[in-house]
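Thank you all for coming. I would like to walk through one model this morning, beginning with its charged contacts and then turning to its strands, so please have the structure open as we go.

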Amino acid sequence: MPSPRPPTSRQTGGVLLATTRAALREQVAHLAGAAHAELDVTGEPAHLRRAWSSASLVVVGCDMRAGLPVAPARRGGVVVVAEPQESEQGYRYAVALGATDVALLPGDGERLVELLADAVDSRDAAPVVGVMGASGGIGASLLAAGVALTAARAGLACALVDADALGNDLDVLTDTRGEPGLRWPDLRDARGRLPPDSLRASLPCRGGVGVLSGPPEMEGRVPAAAVDAVLPALARGHDLVVVDLPRASDPAGEAALPRCTHVLVVAGTDARGAAAGRRVVGRLAGRVGELGLVVRRLPQPSADPPDLADHLGLPLVATVRHDPRVAPDSSGLRLRPSLRGSCRQVLAAVAP
């Protein structure tokens, strides 16, 4: 199995802070520490002009408007910082500089942390693929685990996330119950921007896949705010994120849906599967980036997979042959051939 490669990222220059105010320097330096960003600090307009085009982000204090009344050149990634009482001057100065944002400190500190963190960690977010069963027992969790394992074998850095906090099946499917690492109870209070590399390194790992689930004894639901913090960090730290979505509406699942670039609905080829698929598609339509269908062939089907896809109005991404032995073996590392090919089809569609 090839080792998962580090997620790709773009190299950027440093962050330039220009201000003559000691208090403003201290505020921005504190926020930069939270964003793991190093600052090049200056109060000289000449230095600001020289470094203007090469910095990944330029943070300009409103006090610099006398020394640099207009921008040396038009560029993105310029933020004006000001105190609340000088908001009018700050916005006028932002127009003169062509700034992309204005931060009134300390109130806008959290937003400035996001901008600083984006400047030093500008890697592209990975696809986030949600998998949802149209009905119970259709094999959605198994497919999610299989796609993640297949991605890891292809050399991709992949995370597998259980968004059905009451199910906690993924620890069992991947046999990570005894593995050390963070689980949802450890991340209940996660908020804001999390460091992607640290989070990736802290997950239990099996077969090259980082697994975020909950222990069987876990009580209560995962807060939506924790999902909002964790999924973007996983997407920045991996090449692919696969999310096992619950059928029933709950805070974790509802928070995960808008974070998904793709959602795959898994439905059976019987009449029950078609009816359940209609309900799920009706609920998801317009709420996610792309919807696709994975069909599980049942022993006594009433519809062919292409006909079911036409009926539901979804592109057919893959079919899964009915096989009662299709689950991974007890090691959680090997997939039977009948599932392996389906997972490759899914992977080719969502992460070509």
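Let me start with D101, which forms a salt bridge with R111, the closest N and O atoms being 3.0 Å apart; please keep in mind throughout that this is a predicted model. The pair links distant parts of the chain, with D101 sitting in strand β5, residues 101–104, and R111 in helix α4, residues 109–120, ten residues apart. As for its surroundings, R111 counts as partly exposed, at 32% relative accessibility.

A second pair is D175 and R206, whose salt bridge also has its closest N and O atoms 3.0 Å apart. Here D175 belongs to the loop between α6 and α7, while R206 is part of strand β8, and 31 residues separate them along the chain. R206 is partly exposed, with a relative accessibility of 22%.

The third pair I want to show is E86 and R21, joined by a salt bridge in which the closest N and O atoms are 2.6 Å apart. Again distant parts of the chain are linked, since E86 lies in the loop between β4 (78–82) and α3 (87–97), and R21 in the loop between β1 and α1 (22–34), 65 residues apart. Is E86 buried or exposed? At 7% relative accessibility E86 counts as buried, because the cut-off for that label is under 20%, whereas R21, at 25%, is partly exposed. Salt bridges that share partners join R21, D63 and E86 into one network, and the count of salt bridges comes to eleven.

Turning now to the strands, we find eight of them in an open sheet of mixed pairing, and the order is β8-β9-β7-β10-β6-β11-β12-β13. The edge strands, each pairing on one side only, are β8 (205–206) and β13 (316–320).

Which residues of strand β9 are buried on each of its faces? V209 and V211 are buried on one side, and G210 and L212 on the other, so that both faces of this strand, residues 209–212, are covered. On β9, strand β7 (residues 158–162) pairs in parallel through four bridges, with L160 opposite V211. The pairing of β9 with β8 is antiparallel and runs over two bridges, one partnership being that of C205 with G210. Those two strands form a hairpin with two residues between them, and G207 in the turn has a positive phi of about 60°.

Elsewhere in the sheet, strand β6 (residues 128–133) and strand β11 (residues 262–268) run parallel and are joined by five bridges, with G133 standing opposite V266.

Strand β1, residues 15–18, likewise has both faces covered, with V15 and L17 buried on one side and L16 and A18 on the other. Its pairing with strand β2 (residues 39–42) is parallel, over four bridges, and V15 has L39 as its bridge partner.

After β9 comes a loop leading to α8 (224–237), and G214 lies in that loop. G214 is buried at 0% relative accessibility, and its C-alpha atom is 5.4 Å from that of R183, although the two residues are 31 apart along the chain.

I will finish on the surface, where R247, R272, R278 and R279 gather in a patch of positive charge. Of these, R247 is found in the loop between β10 (240–244) and α9 (251–256), and is partly exposed, with a relative accessible area of 44%.

Definitions and conventions:
Residues are numbered from 1 along each chain as its sequence is written. This is a predicted model: local features need pLDDT of at least 70, side-chain atom pairs count only at pLDDT 80 or more; totals for chains, interfaces and linings use all residues. Side-chain values use heavy atoms; hydrogens and water are left out. Patches are made of residues with over 30% relative accessible area and no salt bridge: like charges are joined within 9 Å, nonpolar side chains (Val, Leu, Ile, Met, Phe, Trp, Tyr) within 5 Å. Accessible areas come from the Shrake-Rupley method with a 1.4 Å probe; for residues, only the protein chains shown count as cover. A salt bridge is a side-chain nitrogen of Lys or Arg within 4 Å of a carboxyl oxygen of Asp or Glu. Lys and Arg count as positive and Asp and Glu as negative; His and the chain ends are not counted. The place of a charge is taken as NZ of Lys, CZ of Arg, CG of Asp or CD of Glu. Buried means under 20% relative accessible area, exposed over 50%, partly exposed in between (1.4 Å probe, protein chains only). Two strands pair if DSSP finds at least two bridges between them.
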